[in-house]
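Trainee: Got a minute? I'd like to walk through this one with you before group meeting.

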Amino acid sequence: PVTIHRGDYAPLPWTVEAVELRIELDPTATRVSSTLTCVRNPNVEAGPLRLFGESMELVELRIDGLVASTTRITHEHGGLLVQLDGDRAEVSIVTHVDPSSNTTLSGLYMSRGGYFTQCEAEGFRRITYFPDRPDVMSRYRVTITADREACPVLLSNGNLIDSGELDDGRHFAQWEDPFPKPSYLFALVAAKLVCLERKLETMSGREVLLQVWVEEGNLDRTEHAMDSLIRSLRWDEQAFGLELDLDRFMIVAVSDFNMGAMENKGLNIFNAKFVLARPDTATDVDYERIESVVAHEYFHNWTGNRVTCRDWFQLTLKEGLTVFRDQQFSADMLAEAAGEEGAASARAVKRIDDVKVLRTSQFAEDAGPMAHPIRPESYQEINNFYTATVYEKGAEVIRMLHTLLGHEGFRSGIDLYFSYHDGQAVTCDDFVDCMAEATGRDLEQFMLWYSQAGTPIVRANGKWLAGDGIYVLTLSQHLPPTPGQPEKAPQLIPVAVGLIDPDGMDMPLRFEGESHVGGTTRVLELGETEQTWRFVDLPSAPVPSLLRGFSAPVRLELDEDDECLAFRMANDSDPFNRWDAGQRYAERVVLSLAESHEHGKLLEVPAAFLNAVRSTLCDDSLDAAFRAQACALPGETYLLERMRPADPTSLRVAMQAVFAAMGAGLADVWLRTYHDMEVNGAYRYHPGDAGRRALRNLALRYLVAGGVSEGVSRAGTQFEYASNMTECFGALAALVMSGTNEGRDGLEVFYSRYRDDALVMDKWFALQVMAWRRDPSEEAPVLDRVASLLGHDAFSMSNPNKVYALLGSFFRGNPGEFHLPDGSGYAFWADRVIELDRANPQVASRMARTLENWRHFAPHLQDEIRSQLERVASTDGLSPDVSEIVGKALA
Ligand code: HT7
Ligand code: ZN
């Protein structure tokens, strides 16, 4: 495998000023004619024009109108080198591509009779030969021709400048994008689609046209995506002063798509599951996710498109920043819906959601063979680096800048960034330099967040000096070694701190030497290996509340006994930390039960823990969404990573015991909560209602797990009479997850109701493969069901959503069933990875990653996993995608 290094970046001797593309669509023989206006880069030593190209036939190459002689062209692996003279040249290229056999879903491919493109990161080179790098920014004019009957709608980036009929039932459309862009933002759609459209006036008074394009039967599922788009537009105007710069902005839904969505300039292409929503087919969580993905892609128009990345090592420049922006947007939307009183709690619920993803996926990535800094130093396959680290940790790094610089400082840094770099392809250093220049702050040490991998461990020790009324807090940091980085330097870590008095009230905070109190939450800047702070004037011993709002992506270690955790669960004024205290307590309980199981001891859930959960559940001052978060156990996947060595079987036993105890032991309050939280009236997506539904569904989950017969019957009734998918699926999930007969029957009913709805069928696949067995000694392993579902009519290995629903949910979401002691799950995994890799390496690689942290498992499992990893690694013709993952896992 070839490794590409960040340090090897060099600007190209030729760039492309303009691109004229003519794409004559045909299922097996699409003809692509491109004319590139090439301009010599005067600042770079002379050299040939480098054109990348893959998986297509080169028909013709002309230079300034003349067929290029073979002496001017050198064929190399993955492309061509072309000798050009002078300072400008026109290079015309004709290629043939076969979209119908493109199963990789990268480049030009077909889905349900239509043509779609996906060019990020390196898909454009599968359409035509091109210097396919993000630092080559060009103006595009695109003519598409296609059969009118099969593809009445022809879309590309920018503005429609011409369209009309051609011979033989074909037609054409010509599009021009006024903004120079890198090739990864090129897009084309040609299909039978209809659209919902709205006109809107931007903040400067321009009228813009917004469209959401879908297949005909789906028009009644587009409204929420359109509303989300409008909210996103308004938010970017208000929060950042950023306006839509095009006259037309389009979203297109496609059923076959490798990832969530793609921010192509003016023509965002979306996985259909992040567009389509109707109350009877989409859950509250789907509605929420659609809003945030629509926002994310829209926000890229400035952070990613107007200012783009110089090279792919800078990916977090656009992704980390855009995730941060979409998180802020969602928090603002939730806060607005909750009103002034509920705003803080609503924001905390969003923060909790985001941190859960970070701690589950990114912390695990940081602790394994794929650990990399948010700006990686090297890669073999760039598609493997669209990671939780680049996205989610990248967003945390931006959030820390926001915390350290304050909102005004951050905003002035952003303004400077656009004023310096609009229309450019830049680096993460350029971004942080703007933040430093705008605020006068030295951010040199902060840059270590961009270059060092791993999750810092922050250890806290507090000492109460009773006689002096002083609390001494010592924080130390340690960054564990990661592949290629044995030694690390201390980073700058903002730690938000509060101190709570015995009555549960926040204490006013004053540091020694300060003349007055500075509030009840202070941000400490930990920049050394160890630092101490002295809080003075305290009337009584405080309980510390550290890392409030999860102010930095670190693991916080401090010694807190159960009582202290219960106290913070009940009293911490920081809602994030209040939730976190409960999670720490629950983690301690579950992991100690797992240990008891390993030692053949009886499993007993401490009454004090149940009482703490009871108090939270009964606290009517807390809103429903927060209570649903606070009373939910940590995810099994998260806990598995916290367990060393990881033993999925004993963890499952412990989880089941805690679920059952929480259900049976708190049955009275769950039943009351279920009753009190009923939402009346027709379904509407509203965060307040969504919180109540979430809490009710959680109540069902526990009641069924606890074997409470009234809970089982309520779940059955809710499933039968639900008027919306959130309630229908929540009830079914409660019944299925606990392995009840009612759940098995419900799955059949659900199938007969929704068998023709592909997106709902994804839920059906995912749910049943995540089920827990009630009695493993009597029931067949879930693996048997997964294997048989591969042959189900509604399943397809060529559709990524189906693969993620069936295989992804099983490999990642059901560790207790996947990690069978006899290793049969791993053999199945290897077969599927090898099979997928032949058709779609990106999807195969995602599945391959589900076993990368195999060294964390108990030794008997490690042996079984290693042999399957080796089997995959030695497969002939393995893609670079999967090869990088298994190679690093085995290294
Ligand atoms: N920027 C987009 C990334 C993306 C992508 C990357 C590789 C292969 C397929 C892909 N589809 C979309 C999505 C985003 O972050 O907004
Ligand atoms: Zn993105």
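**Starting at a hairpin**

Mentor: Sure, and keep in mind that this is a predicted model. Let's start with the hairpin of β7 and β8: two residues sit between the strands, and G78 there has a positive phi near 85 degrees.

Trainee: How many bridges join β7 to β8, and do they run parallel or antiparallel?

Mentor: Four bridges, and β7 (residues 73-76) runs antiparallel to β8. As one example of the register, E76 stands opposite G79 in β8.

Trainee: Which strand does β8 pair with over another four bridges?

Mentor: That's β4 (residues 49-52), again in the antiparallel sense. There, R50 has L81 of β8 as its bridge partner.

Trainee: And which residues of β8 are on the covered face, and which on the uncovered one?

Mentor: L80 and V82 are on the covered face of β8 (residues 79-82), while G79 and L81 are on the uncovered one. Why the alternation? In a regular strand, side chains alternate between the two faces of the sheet.

Trainee: Let's zoom out. How many helices and strands does the chain have?

Mentor: The count is 25 helices and 31 strands.

Trainee: What radius of gyration does the chain have, and what would a compact globule have?

Mentor: The chain has 28 Å, and a compact globule of 891 residues would have a value near 29 Å, so the two agree. The C-alpha trace spans about 90 × 70 × 60 Å along its principal axes.

Trainee: What share of the residues is buried?

Mentor: Buried residues make up 51% of the 891. On contacts, if you take pairs at least 6 apart in sequence, 71% of them join residues at least 24 apart.

Trainee: New topic: helix α1. What should its residues span, and how far apart are its ends?

Mentor: α1 covers residues 223-240, which is 18 residues, so at 1.5 Å a residue the helix should span 26 Å; the end C-alpha atoms are 25 Å apart, which agrees. Right after α1 comes G241, with a positive phi near 65 degrees.

Trainee: Which residues of α1 are buried, and what do the buried residues pack against?

Mentor: The buried ones are H224, A225, S228, L229, S232, L233, W235 and D236. They pack against strands β17 (194-201), β18 (207-214) and β19 (248-254), plus helices α2 (284-299) and α3 (315-366).

Trainee: Where does UniProt put the "Aminopeptidase N-like N-terminal" domain?

Mentor: The UniProt record, an unreviewed entry, places that domain at residues 106-185. Over that stretch the chain is 0% helix and 56% strand, with the end C-alpha atoms 13 Å apart.

Trainee: What's the strand order in the open sheet with β10?

Mentor: The order is β10-β11-β16-β13, four strands with antiparallel pairing. The edges are β10 (107-111) and β13 (153-156), each pairing on one side only. On average, neighbouring strands of this sheet are turned by 20 degrees against each other, direction ignored.

Trainee: How many bridges join β10 to β11?

Mentor: Five, with β11 being residues 114-118. In that pair, L108 stands opposite T117.

Trainee: Last one: which strands does β2 pair with?

Mentor: β2 (residues 14-24) pairs with β3 (residues 30-40) over ten antiparallel bridges, and a hairpin of five residues joins the two. A18 stands opposite T37 in β3. β2 also has seven bridges to β12 (residues 137-147), and that pair runs parallel. V19 has Y140 of β12 as its bridge partner.

Methods:
Residues are numbered from 1 along each chain as its sequence is written. Chains are lettered from A and ligands numbered from 1 in the order in which they are written. This is a predicted model: local features need pLDDT of at least 70, side-chain atom pairs count only at pLDDT 80 or more; totals for chains, interfaces and linings use all residues. UniProt positions are given in the numbering used here, feature names are shortened, and annotations may be inferred rather than shown by experiment. A residue is buried if 20 or more other C-beta atoms lie within 10 Å of its own, exposed if 12 or fewer, and partly exposed in between; C-beta atoms are placed from the backbone. Two strands pair if DSSP finds at least two bridges between them. The radius of gyration is taken over C-alpha atoms; the globule rule is 2.2 Å times the number of residues to the power 0.38. Two residues are in contact if their C-beta atoms, placed from the backbone, lie within 7 Å. The expected span of a helix is 1.5 Å times one less than its number of residues. Axes are lines fitted to C-alpha atoms, for helices over the stretch in contact, and angles run from 0 to 180 degrees between N-to-C directions.
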